[in-house]
Amino acid sequence: MIRFIPLRALFYGALILFIGSLFSGAAFAAWKPTEKVEIVVSCKAGCGPDRIARLIQKIWKTHNIVPGVAVVLNKAGGGGGVQLEYMSARKGNGHILGVGSSSALGSYLTGRTKVGLLDMTPLVLLVTEYICTAVKGDSPIKDAKDLLARLKKDPQSLSLGTATSRGGPNHQAIALTALRAGIDPAKMKVVVFQSGRIGRTNLLGGHIDIAQSSTGGFINHHKQGKLRILAVSAPSRLGGAVKNVPTWKELGYDVDFGSFRSIMGPPGLSREQIAYWDDVFAKTVKTKEFQQSLVKRQMKETFMKHDQLMKFLAQQDKQMREVLGALNILRR
């Protein structure tokens with residue numbers, strides 16, 4: 001027998017479904033900024049994180065990716081601690097972003113900062129600058145294998161220049177390589193410079209035997225033959241002027257280590273805020289301006305959204321603990 005549903009029941013049923021869809025949409029409503037967005041960096045104007053922040057700011061304005069105004073705020077000092085403390089005090093504020101890095105992860109593990117990268121809300125991974133090991137153009141060190149053979153025979157026989165701190169990404173990259181080659185990295189003769197530029201100048205002047213830097217810091221002198229890049233800590237060869245430089249991996253050492261640049265928010269961001277910034281940065285990295293910057297500075301786009309980034313950071317934390325422990329500077 002066919003039963004007819006009263007028209008009133010149909011009307012109320014449809015009304016309930018409509019109201020329910022409104023509440024459902026509200027629960028998952030796309031959050032977006034309603035005020036000025038701050039991009040906080042841990043160093044002075046002109047540094048690596050600052051350049052990335054200002055590039056992002058320009059891209060957003062040019063392509064209207066983020067509504068309203070975005071400003072870059074420099075909070076330098078304390079090995080990144082000033083930046084992290086500033087952000088930590090703004091819990092749940094989706095209008096505050098920070099440029100994070102492997103340095104921030106390492107600074108916390110070595111006790112230089114009280115607040116760490118994992119105390120924030122990691123949002124996306126943008127790029128990675130892989131670390132090169134270089135010698136002067138006329139150095140008697142023939143190649144990467146020769147370098148490791150000398151260090152294995154006597155870790156104190158060669159002086160290594162790195163910036164900007166003991167246990168920083170540049171130092172960690174060669175320390176990890178030494179570990180994989182059976183060399184005690186804590187015994188290596190390390191000279192710490194205030195910047196990669198100063199370290200490079202000392203290498204060119206013959207005051208140190210080896211220097212560590214991101215590829216961009218060495219590439220011009222490498223092309224001119226003033227220095228020779230022996231190996232890079234990337235998972236595969238880089239292109240351009242360093243396409244013939246081998247990776248530590250292809251030389252037989254399990255080394256994949258770079259100085260990454262990420263974006264983080266303050267602690268306690270909501271899933272809606274995280275989803276918004278995931279989408280924004282997915283669009284940002286695809287722009288022509290961003291891609292051109294990667295080529296210019298020999299950086300690799302290693303974009304990851306929040307969930308994937310959390311797994312990556314856990315892996316980085318584990319690897320850093322191994323290296324920093326071997327250097328006897330792990331404090332957490």
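## A buried pair in helix α9

In this predicted model, W277 and F281 are both buried. The two residues sit four apart in helix α9 (residues 271–284), about one turn of the helix. Their ring centres are 6.1 Å apart with the planes at 40°, so the pair is tilted. Ring pairs also bring in W31, W60 and Y276, which join W277 and F281 in a cluster.

## Other ring contacts

Across the whole structure there are eight aromatic pairs. One of them joins F260 and F312 edge-to-face, at 5.5 Å centre to centre and 75° between the planes. Because F260 belongs to strand β9 and F312 to helix α11, this pair ties together parts that are 52 residues apart in sequence. F260 counts as buried at 1% relative accessibility, and F312 counts as buried at 15%.

Charges meet rings here too. R90 places its charged end over the ring of Y86, 3.6 Å from the centre, while the charged end of R332 sits over the ring of Y108 at 4.3 Å from its centre.

## The largest pocket

The largest pocket holds about 1400 Å³ of space. It is lined by 50 residues, with C47, G48, P49, T164 and R261 the closest to its centre. Helix α4 (residues 102–109) supplies the largest share of this lining, five residues. By class, the lining has 12 nonpolar, 28 polar and 10 charged residues.

## The second largest pocket

About 290 Å³ of space lies in the second largest pocket. Among its 17 lining residues, D256, F257, F312, Q316 and Q319 come closest to the centre. Helix α11 gives the most to this lining, with five residues. The lining comprises seven nonpolar, six polar and four charged residues.

Technical notes
Residues are numbered from 1 along each chain as its sequence is written. This is a predicted model: local features need pLDDT of at least 70, side-chain atom pairs count only at pLDDT 80 or more; totals for chains, interfaces and linings use all residues. Side-chain values use heavy atoms; hydrogens and water are left out. On a 1 Å grid over the protein atoms alone, a cavity is a set of points where a 1.4 Å probe fits but cannot get out, and a pocket is an open set with protein on both sides within 12 Å along at least five of seven lines; lining residues have an atom within 4 Å of a point. Grid points are joined across faces, edges and corners, and a volume is the space filled by probe spheres set on the points. Ala, Val, Leu, Ile, Met, Phe, Trp, Tyr, Cys and Pro count as nonpolar, Asp, Glu, Lys and Arg as charged, and the others, Gly among them, as polar. Rings of Phe, Tyr and Trp (its six-membered ring) pair if their centres lie within 6.5 Å; planes under 30 degrees apart count as stacked, over 60 as edge-to-face and the rest as tilted. Buried means under 20% relative accessible area, exposed over 50%, partly exposed in between (1.4 Å probe, protein chains only). A charge sits over a ring if NZ of Lys or CZ of Arg is within 6 Å of the ring centre and within 35 degrees of the ring normal.
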